[in-house]
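Trainee: I've got a structure to look through and I'm not sure where to start. Can we go through it together, one question at a time?

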Amino acid sequence: LSICEFFVQKCCSINLFALPLHKLVQKINKYQMAHYNLDSLDKKILKLIAGDARIPFLEVARLCNVSGAAIHQRIQKLNNLGVLKGSQFIIDPEKLGYETCAYIGLYLQNPAKFDDVVDELKKIPEVVECHYTTGGFDMFIKIYARNNHHLLNIIHDKLQPLGLSRSETIISFNAIIDRQLPIGELPVEDENDAVDEYGEDE
């Protein structure tokens with residue numbers, strides 16, 4: 001499906017056309033973001049910093065056989081383009097006592113209040129992800145809870161008051177695969193074009 005065809009189907013299925021025009025345009029624009037083609041240097045950099053976010057730039061430069069300035073320039077560009085979204089330490093929820101991971105599909109009584117519900121979800125600390133998806137759900141969220149009883153309380157006390165018609169919960173027993181996008185499998189653009197674009201001597 002094209003972007004337009006997808007949104008016509010989705011809008012009809014959940015009455016998204018009830019939203020103000022500017023909010024509908026904002027949602028459509030999310031699906032029209034430009035893509036950035038990686039070259040071989042980009043891939044090397046991303047693979048290194050994805051493996052260790054604390055690796056010094058000079059060490060990245062040495063492993064990529066380019067200058068430190070070139071690495072700094074390239075990472076800055078990847079940041080500006082939104083390819084990189086910063087670096088962070090990853091907390092293990094289970095070590096903090098949050099042993100239940102659940103995915104919940106939410107059906108809203110009034111889909112026109114989508115953005116209001118998202119704002120309220122942001123206030124619930126146990127909600128770590130929220131997605132606007134295809135299919136029957138109006139939104140799909142990921143939650144961490146201390147146990148199943150705590151999860152039930154979150155659903156009853158925090159989610160239901162948001163105006164849900166119903167919800168469907170899937171509990172994850174274990175994350176078998178949990179990784180970032182495997183950089184080594186991504187295609188690269190022509191290296192000569194990449195050098196010309198950045199003005200760098202590899």
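Mentor: Sure! Let's agree on one word before we begin: contact means heavy atoms within 4.5 Å. Also keep in mind that this is a predicted model.

Trainee: Okay, which residues does Leu 108 touch, leaving out those up to four places away in sequence?

Mentor: Leu 108 sits in strand β1. Its C-alpha atom is 6.0 Å from that of Gly 163, although the two are 55 residues apart along the chain. With sequence neighbours up to four places away left out, Leu 108 touches Phe 114, Val 117, Asp 138, Met 139, Gly 163, Leu 164 and Ser 165.

Trainee: Is Leu 108 buried or exposed?

Mentor: Buried means under 20% relative accessible area. The strand around Leu 108 is mostly covered, with 8 of the 9 residues of β1 buried. Leu 108 has a relative accessibility of 7%, so Leu 108 counts as buried.

Trainee: What about the sheet, then? Which strands stand at its edges?

Mentor: Strands of a sheet pair through backbone hydrogen bonds, either parallel or antiparallel. Here 4 strands make an open sheet in the order β2-β3-β1-β4, with antiparallel pairing. Each edge strand has a single partner, so one side of it has no neighbour in the sheet; the edge strands are β2 (127-131) and β4 (164-172).

Trainee: How many bridges join β1 to β3, and how many join β1 to β4?

Mentor: Let's take one pair from each side. Cys 101 stands opposite Tyr 144 in β3, while Ile 104 has Thr 169 as its bridge partner in β4. Both pairings are antiparallel, and the counts are 7 bridges for β1 with β3 and 8 bridges for β1 with β4.

Trainee: Which residue in β3 stands opposite Glu 129?

Mentor: For this one, look at β2 and strand β3 (residues 139-145), which run antiparallel and are joined by 4 bridges. Opposite Glu 129 in β3 is Lys 142.

Trainee: And which strands does helix α7 touch?

Mentor: Helix α7 (residues 148-159) packs on the sheet. Its direction makes about 135 degrees with that of β3. The strands α7 touches are β1, β3 and β4.

Trainee: Moving to the helices, are α3 and α4 oblique or parallel to each other?

Mentor: Helix α3 (residues 40-51) and helix α4 (residues 57-64) pack at about 135 degrees, and their axes are 10 Å apart. Roughly antiparallel needs an angle over 145 degrees, and roughly perpendicular runs from 65 to 115. The angle fits neither range, so α3 and α4 are oblique.

Trainee: Which residues of α4 make that contact?

Mentor: On the α3 side, the contact is made by Leu 41, Lys 44, Ile 45, Leu 48 and Ile 49. Counting both helices, the contact residues divide into 7 nonpolar, no polar and 1 charged. The α4 side consists of Val 60, Leu 63 and Cys 64.

Trainee: How is α3 placed against α5, roughly perpendicular or roughly parallel?

Mentor: The axes of α3 and α5 come within 11 Å and cross at roughly 85 degrees. That angle makes α3, relative to α5, roughly perpendicular.

Trainee: Last one: what value is phi of Asn 65 near?

Mentor: Most residues other than glycine have a negative phi. Asn 65 lies in the loop between α4 and α5 (68-80), and it is exposed, with a relative accessible area of 61%. Its phi is positive, near 60 degrees.

How values were computed
Residues numbered from 1 in each chain as written. Predicted model: local features only at pLDDT ≥ 70, side-chain atom pairs only at ≥ 80, totals over all residues. Heavy atoms only, no water. Axes fitted to C-alpha atoms, helices over the stretch in contact; angles between N-to-C directions. Helix = DSSP H or I, 4+ residues; strand = E, 2+ residues; numbered from the N terminus. Parallel < 35°, antiparallel > 145°, perpendicular 65-115°, else oblique. Nonpolar A, V, L, I, M, F, W, Y, C, P; charged D, E, K, R; others polar. Buried < 20%, exposed > 50% of the residue type's maximum accessible area, 1.4 Å probe, protein only. Pairing = 2+ DSSP bridges.
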